[in-house]
Amino acid sequence: MDRIAALNEILAQNPADAFARYGLAMECATQGDSAAAIENFEALLAENPNYVAGYFQYGQLLARLSRTDDARRTLGQGIEAARRAGDQHAGSEMEAALAQLSSA
């Protein structure tokens, strides 16, 4: 069974599994299925608004797709989520990514 099928099976059994949803979004992005990656990142963050890594990876995907305004918005939301979680490292990474987008 490939990774996407395995992750979909986990999600079929437990749709609220944030780690599986994140893994599926990442795997879709890795395999070049941007539409499925976006769909899964959106679902992840709608259900788990404090899933900090999701914002960072989703923001990076949007930036690669030249969806700069969406990437900025997503990274800004991620910075807020990182602050809520007390995750200074992730917050500073997203701040750097946001600054890079702003200077581009």
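1. A salt bridge here is a side-chain nitrogen of Lys or Arg within 4 Å of a carboxyl oxygen of Asp or Glu. Please keep in mind as you read that this is a predicted model. The side chains of Arg 83 and Glu 95 fit that description, with N and O 3.3 Å apart. Arg 83 sits in helix H5 and Glu 95 in helix H6 (residues 88–103), so this salt bridge ties together parts that are twelve residues apart in sequence.

2. How open to the surroundings are these two partners? Arg 83 counts as exposed, with a relative accessibility of 54%. Glu 95 is partly exposed, at 38%.

3. Next, have a look at Asp 70, which takes part in a salt bridge with Arg 67 in which the closest N and O atoms are 2.9 Å apart. Asp 70 also meets the side chain of Arg 73 in a salt bridge, at 3.3 Å from N to O. Through shared partners, salt bridges join Arg 67, Asp 70 and Arg 73 into one network.

4. Where do Arg 73 and Asp 70 lie? Both belong to helix H5 (residues 68–85), three residues apart, which is about one turn of the helix.

5. Are the members of this network buried or exposed? Each falls in between: Arg 67 is partly exposed, with a relative accessible area of 33%, Asp 70 is partly exposed at 23%, and Arg 73 is partly exposed at 42%.

6. It may help to set these pairs against the whole structure, where a search finds six salt bridges. As a general point, side chains of opposite charge can pair when their charged atoms come close. The protein has 8 positive and 14 negative charges, and the mean positions of the two sets are 6 Å apart.

7. Now for the overall fold. The protein has six helices and zero strands, so its pattern along the sequence reads α-α-α-α-α-α. The radius of gyration is 14 Å, close to the 13 Å that the globule rule gives for 104 residues, so the protein is as compact as a globular protein of that length. Its C-alpha trace spans about 40 × 30 × 20 Å along the principal axes.

8. Finally, a word on the interior and the surface. Buried residues account for 38% of the 104 residues. Among contacts between residues at least 6 apart in sequence, 37% join residues at least 24 apart. The accessible surface comes to about 5,900 Å², and carbon and sulfur atoms hold 50% of that surface.

Note on methods. Residues are numbered from 1 along each chain as its sequence is written. This is a predicted model: local features need pLDDT of at least 70, side-chain atom pairs count only at pLDDT 80 or more; totals for chains, interfaces and linings use all residues. Side-chain values use heavy atoms; hydrogens and water are left out. Buried means under 20% relative accessible area, exposed over 50%, partly exposed in between (1.4 Å probe, protein chains only). Helices (H or I, at least four residues) and strands (E, at least two) are DSSP runs, numbered from the N terminus. The radius of gyration is taken over C-alpha atoms; the globule rule is 2.2 Å times the number of residues to the power 0.38. Contact means heavy atoms within 4.5 Å. Accessible areas come from the Shrake-Rupley method with a 1.4 Å probe; for residues, only the protein chains shown count as cover. Lys and Arg count as positive and Asp and Glu as negative; His and the chain ends are not counted. The place of a charge is taken as NZ of Lys, CZ of Arg, CG of Asp or CD of Glu.
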